[in-house]
Amino acid sequence: MSPSARSGARRAPFDIPLFLRRLYLQPAALWLLLAALAGPASRAAVTALGAACTGPLRDGADSAALIVYVMLAPALGAAAGYLAFARRRLNGAHRWVGDLSLALVFAVSGVNAALLAFQAASRWSALAPGLAAVRTACWPGR
């Protein structure tokens with residue numbers, strides 16, 4: 001028997017309707033929202049940085065920025081939002097789900113980033129000239 005069963009105390013049941021009403025506070029939901037916004041945000045970042053290129057070179061700059069935004073921004077944004085605003089607004093069981101969800105977000109993002117970094121490092125000799133050409137064309141003089 002567990003100690004709580006011996007003392008007669010019962011744990012409150014998991015409140016599914018309340019959980020669904022507060023789903024927007026869960027880090028996985030914020031992670032998915034930020035991942036959906038990564039495409040427009042990465043294109044806006046390339047424009048804000050003053051990229052002067054067009055055509056395939058602009059597409060390459062947008063793709064490179066998208067990789068960074070998809071790997072970093074959703075996970076860091078979800079963690080910041082959850083830890084700064086949402087965690088204290090959740091009760092015990094819902095907070096535990098949020099903590100577990102945040103760990104899952106970090107695990108998925110970390111594995112994806114590690115695999116991408118390994119693949120880029122193993123093919124760097126082929127990637128470096130193309131990235132240098134995009135940088136030179138899009139940001140001349142830097």
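Is Leu-20 buried or exposed in this model?

**Figure 1. Leu-20 and its helix in the predicted model.** The structure shown here and in the following views is a predicted model. Leu-20 belongs to helix α2, which covers residues 16-21. With a relative accessible area of 53%, Leu-20 is exposed, because exposed residues are those over 50%. Along the chain, Leu-20 and Val-46 are 26 residues apart, and in space their C-alpha atoms are separated by 37 Å.

**Figure 2. The whole protein, as a setting for the close-ups.** The protein is built from eight helices and has zero strands, so that reading from the N terminus gives the order α-α-α-α-α-α-α-α. Its radius of gyration is 22 Å, whereas a compact globule of 142 residues would have a value near 14 Å. Measured out along the principal axes, the box filled by the C-alpha atoms is roughly 75 × 30 × 20 Å. Of the 142 residues, 23% count as buried, and the protein exposes about 9,400 Å², of which carbon and sulfur atoms supply 69%. Among contacts with a separation of 6 or more, 75% come from residues that are 24 or more positions apart. The charged side chains comprise 14 positive and 4 negative ones, and the centres of these two sets lie 10 Å apart.

**Figure 3. The disulfide between Cys-53 and Cys-138.** A search of the whole structure finds one disulfide, and this link is formed by Cys-53 and Cys-138, with their sulfur atoms 1.8 Å apart. The link is right-handed, with 85° about the S-S bond. Because Cys-53 sits in the loop between α4 (38-48) and α5 (56-71), while Cys-138 sits in helix α8 (residues 124-138), the pair ties together parts that are 85 residues apart in sequence. Both Cys-53 and Cys-138 are buried.

**Figure 4. Ala-51, in the loop between α4 and α5****.** Ala-51 has a relative accessibility of 16% and counts as buried, because the cut-off for a buried residue is under 20%. Once neighbours within four places in sequence are left aside, the residues in contact with Ala-51 are Val-46, Arg-58, Cys-138 and Trp-139. One of these, Cys-138, is also a partner in the disulfide with Cys-53. The C-alpha atoms of Ala-51 and Ala-137 are separated by 8.5 Å, although the two residues are 86 residues apart along the chain.

**Figure 5. The buried residues of helix α6.** In helix α6, which spans residues 73-86, the buried positions are Pro-74, Ala-75, Ala-78, Ala-79, Gly-81, Tyr-82 and Ala-86. What do these residues pack against? The buried residues of α6 pack against α3 (27-36), and likewise against α5 and α7.

**Figure 6. Ser-101 and its contacts.** Ser-101 is placed in helix α7, which runs over residues 92-122. Its relative accessible area is 12%, and Ser-101 is therefore buried. When residues up to four places away in sequence are not counted, Ser-101 touches Gln-26, Pro-27 and Ala-28. Helix α7, where Ser-101 is found, is also one of the elements against which the buried residues of α6 pack.

Conventions. Residues are numbered from 1 along each chain as its sequence is written. This is a predicted model: local features need pLDDT of at least 70, side-chain atom pairs count only at pLDDT 80 or more; totals for chains, interfaces and linings use all residues. Side-chain values use heavy atoms; hydrogens and water are left out. Helices (H or I, at least four residues) and strands (E, at least two) are DSSP runs, numbered from the N terminus. The radius of gyration is taken over C-alpha atoms; the globule rule is 2.2 Å times the number of residues to the power 0.38. Buried means under 20% relative accessible area, exposed over 50%, partly exposed in between (1.4 Å probe, protein chains only). Contact means heavy atoms within 4.5 Å. Accessible areas come from the Shrake-Rupley method with a 1.4 Å probe; for residues, only the protein chains shown count as cover. Lys and Arg count as positive and Asp and Glu as negative; His and the chain ends are not counted. The place of a charge is taken as NZ of Lys, CZ of Arg, CG of Asp or CD of Glu. A disulfide is a pair of cysteine sulfur atoms within 2.5 Å.
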